[in-house]
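Trainee: I would like a close look at a single part of this structure, followed outward to whatever surrounds it. Could you choose one helix and take me through it with care?

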Amino acid sequence: MTRWVMLADLERCVGCQTCTAACRHANATSPAVQWRKVLDIESGTYPDVTRSFAPVGCQHCDEPPCMEVCPSTATRQRPDGIVTIDYELCIGCAYCVVACPYQARFKVDAPGFAYGAVQLRSESAREDPHRLGVAQKCTFCVDRVDYGIGLGITPGVDPRATPACVNSCIADALHFGDLDDPDSNVSKLLREHRHFRMHDGLGTGPGFYYLYGRADGAVAPPQAAPISAPGSTRAKGVEPWLQSSWDWRAAANFMGGGAGAGLFLLAALAGLAGIPSDPLALVALTLVAAGLLCVWLEIGRPWRFLNVLLHPQQSWMTRESIAGLAFFALGLAAVWSGSRTMFAATALAGLGFLYCQARILAAAKGIPAWRDPRIVPLIMTTGLCEGAGLFLAAAVMVSPLEPMRTAAAAGLAVLAAVRGVVWRAYLDSLESGGAPIRTLEVLRAFHLWFLLFGLLVPIVLIAAAFMTPGAGAALCVAAGSCAFAAGWALKLVLITRAAYNQGFALAHLPVRGSGAAGPSVKPGWAMQ
Amino acid sequence: MRDPAVPPQGEARDFTWIATELAKRTGLIEQYNQAINRGAAGVRLFGANYDFSLDPAKAHGVETVWNAVCRAASAELTDSVESDGLEYYRGHGFRVKSFPRLHWYLYPKLVSAGLRFEQPYQERLFRIGKELGRRLHEHGIDWWDRQLEEYEALPHWRDLAALWEGALARHFHVAIEDYPFWLITARSMQYAWGGNAGIPLIRELSENVAGHGGIVMNAAAAARLGISDGDLVEVRSPLNHTRGRAVLCQGIRPDTLLMIGQFDHWATPVAKDFDAPSMNALMPMLLELTDATGSSADLVKVNVTPLRTS
């Protein structure tokens with residue numbers, strides 16, 4: 001077997017960015033789209049300061065999170081480990097972008113040119129419209145690799161078969177070769193050097209190794225604490241930054257999806273209790289549809305949307321789409337037929353849809369605030385809570401639902417309490433497990449507001465409604481609205497404000513001179 | 001190889017065309033051609049057994065100039081066996097010749113020429129200084145006397161800080177304590193050649209390396225002045241002032257500021273829009289601070305004021 005990997009020798013890299021330029025030229029990427037780049041990391045406190053340079057890009061992982069989440073199967077992995085993207089299949093949902101903990105993927109929606117609006121002929125000649133609106137990333141210069149194999153020459157040894165970045169490296173810091181060949185250049189280098197892989201704890205199995213010292217050299221004591229405190233690192237471009245691939249339109253999908261699924265469940269329960277709730281069911285279906293419409297408006301290749309159904313084996317986005325189709329088909333049939341069984345089946349499909357949405361976030365390994373497993377119960381409970389809030393408001397304003405008001409109010413109070421507990425557990429998990437500092441800042445700032453309007457106010461209003469029957473209706477509407485709005489605010493915050501990505505980290509600082517390798521560096525992170 | 005991948009864009013012209021045109025219009029065509037013949041384009045156009053020299057009296061086209069250069073290069077590399085011109089290089093890209101790795105270094109040449117290492121005691125410098133001083137004084141020139149003191153066989157330590165501070169205080173009548181920072185500059189790997197400044201890709205790459213486009217400052221020193229990373233600050237020397245964004249880091253002395261590159265005088269596309277701070281405008285030209293080579297250090301004392309937060 002063959003496993004192509006890349007090595008970056010942190011002792012040798014001088015940060016010249018020649019590999020960045022070579023990659024930009026070789027692959028004709030748009031301005032600022034750097035499949036390969038070199039990080040400039042400063043760590044320590046004056047006068048004890050270290051400056052390190054670390055090439056980064058797609059790590060061609062053994063277990064690529066981008067491939068797992070891809071709903072269209074556009075992202076695939078070759079037997080030799082190279083992770084590829086089929087531009088014709090990709091729908092441009094950018095799920096892979098947020099799933100990649102190495103920030104290696106890009107999506108370009110419009111052509112960009114070096115000199116602004118003017119397109120040079122060289123740019124025109126190499127323009128690839130297939131790359132617009134879809135995901136793109138480092139290919140390990142797979143065309144060169146395959147070309148070389150076809151010629152019988154060795155990738156990583158013969159420049160004709162070697163990635164452009166490696167060829168261009170002025171410091172002999174980048175290497176490419178076959179990990180499965182014990183005599184290959186990379187295997188020898190790995191035997192001779194200490195090495196690590198970035199974010200190894202995430203279980204992605206990167207095909208990119210960082211050398212940081214000779215195998216027989218000194219190394220920092222294992223207890224050395226990571227350097228991550230603000231001010232002790234120059235962290236621009238290294239520490240986590242707010243993802244911008246999923247904006248309010250993606251958030252709207254989670255907002256409409258959760259509230260719609262929750263509302264339909266309660267509408268179905270009302271139906272089982274013999275209370276007609278067709279209008280509410282239609283509202284629920286509309287909410288989910290509106291959410292999906294919003295996210296459809298966000299994807300880069302909207303008319304390929306059916307490709308979203310191609311990866312049910314692994315992608316929660318595909319599963320969400322299938323659950324969504326079932327939800328709409330069953331829901332419309334339920335409303336048309338009035339069948340309680342159909343209503344119940346639709347409610348189950350809705351719950352499945354909601355669960356898939358929660359798992360979509362949990363599978364996004366690139367966003368620490370999303371990948372925490374406690375996000376699943378949080379998204380589930382808030383969806384139900386939002387639905388219950390809407391239902392309670394409806395139970396006040398729509399007379400046929402009047403008999404459900406007390407039960408709905410009590411149910412909302414319980415759901416709000418459960419959501420509060422789940423939220424606390426989620427936040428505690430992030431605090432204790434480590435998360436980007438800015439993520440925690442955003443969530444901490446949101447915490448009190450969420451507890452106030454998502455928990456305390458609804459419960460107080462519901463209690464007041466029970467005690468003051470005269471004002472009960474208004475209080476119930478306010479309680480429901482509050483619980484509902486808090487849930488939507490939570491999702492908007494989670495998707496658009498707290499979604500800082502993984503950033504970059506070095507498990508060891510490289511050896512400098514005859515010294516020992518340094519401790520790890522993880523800028524912008526709060527760690528226990 | 002004078003084989004453009006794309007036709008010239010807009011008003012762009014081959015640099016040789018521009019240089020020839022300038023020579024022609026300024027009446028320097030003969031000297032210009034002679035300079036090319038002597039090797040100004042990288043290769044001398046004549047040797048022991050070949051001569052591809054240009055006619056000094058007339059202006060030559062780009063192709064003619066580079067064809068001659070290529071033929072001379074071929075002859076030089078093949079001991080006059082070959083004389084392939086521009087077309088050969090367009091087709092082959094380059095021509096190589098064996099060159100022992102040992103000759104990359106100066107040492108074998110020193111040995112073969114019987115030269116000795118003269119550092120650190122450079123009596124040659126001392127001798128030249130004395131000779132230069134006598135010639136200058138013969139012509140009544142004494143304003144270079146201070147610089148002549150630097151022609152030393154073994155340089156003395158000098159308090160450069162005091163030299164700079166004293167000169168600035170005297171010339172600008174300022175209290176030097178009001179300028180507590182040293183402002184320095186540095187070359188950039190990405191902008192290693194001036195021509196790079198017009199290439200947008202180079203600017204993009206340089207932004208991956210901290211300090212480009214801003215004023216690098218020690219984080220603790222910045223904190224004392226209430227300056228955060230990215231804040232707009234004004235840097236003022238006794239001569240002038242400029243402004244830019246603070247780039248905070250630990251790896252710089254607390255009393256030092258750094259402005260990478262000097263792009264404020266560039267008038268060409270891309271570089272003229274850099275809007276990056278430069279120390280050019282802050283640097284006085286003082287004979288007192290001019291060394292024996294006629295140069296000076298890129299060094300000046302400044303103060304920093306935060307203008308507003310980012």
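Mentor: What follows begins with one helix of chain A and then turns to its surroundings.

This is a predicted model, in which local features need pLDDT of at least 70 and side-chain atom pairs count only at pLDDT 80 or more, while totals for chains, interfaces and linings use all residues. Residues are numbered from 1 along each chain as its sequence is written, and chains are lettered from A and ligands numbered from 1 in the order in which they are written.

The part I have chosen is helix α10 of chain A, residues 316-337; helices (H or I, at least four residues) and strands (E, at least two) are DSSP runs, numbered from the N terminus. With 22 residues, α10(A) reaches 30 Å from its first C-alpha to its last, close to the 32 Å expected at 1.5 Å a residue, where the expected span is 1.5 Å times one less than the number of residues. Just after the helix, A:G338 takes a positive phi of about 75 degrees.

The buried residues of α10(A) are A:W316, A:M317, A:T318, A:R319, A:E320, A:S321, A:A323, A:G324, A:F327, A:L330, A:G331 and A:A334. Here a residue is buried if 20 or more other C-beta atoms lie within 10 Å of its own, exposed if 12 or fewer, and partly exposed in between, with C-beta atoms placed from the backbone. An α-helix has 3.6 residues a turn, so residues three or four places apart point the same way. The buried residues of α10(A) pack against α2 (65-69), α3 (95-99), α8 (248-272), α9 (278-298) and α11 (340-362) of chain A.

Two of those neighbours, α2 and α3, return when one considers the domains. Chain A is assigned domain 1 (4-241) and domain 2 (248-496), with bounds that come from an automatic or database domain assignment, and 39 Å separate the two centres, taken over C-alpha atoms. Between these domains, 24 residues of domain 1 of chain A are in contact with 22 residues of domain 2 of chain A, contact meaning that the C-beta atoms of two residues, placed from the backbone, lie within 7 Å. On the side of domain 1 that touches domain 2, α2 and α3 of chain A are the elements that give two or more residues. By class, that side has 17 nonpolar, four polar and three charged residues, where Ala, Val, Leu, Ile, Met, Phe, Trp, Tyr, Cys and Pro count as nonpolar, Asp, Glu, Lys and Arg as charged, and the others, Gly among them, as polar.

The loop between α2 and β4 (75-77) of chain A holds A:T73, which has a positive phi of about 65 degrees although it is not a glycine. A:T73 is partly exposed, with 17 other C-beta atoms within 10 Å. A:F140, in the loop between β7 (135-136) and α5 (142-151) of chain A, also has a positive phi, of about 60 degrees, without being a glycine, but A:F140 is buried, with 29 other C-beta atoms within 10 Å. A further backbone feature is the cis peptide bond that joins A:Y46 and A:P47, with omega about 5 degrees; A:P47 is found in the loop between β2 (36-45) and β3 (48-57) of chain A. As background to these three sites, most residues other than glycine have a negative phi, and most peptide bonds are trans.
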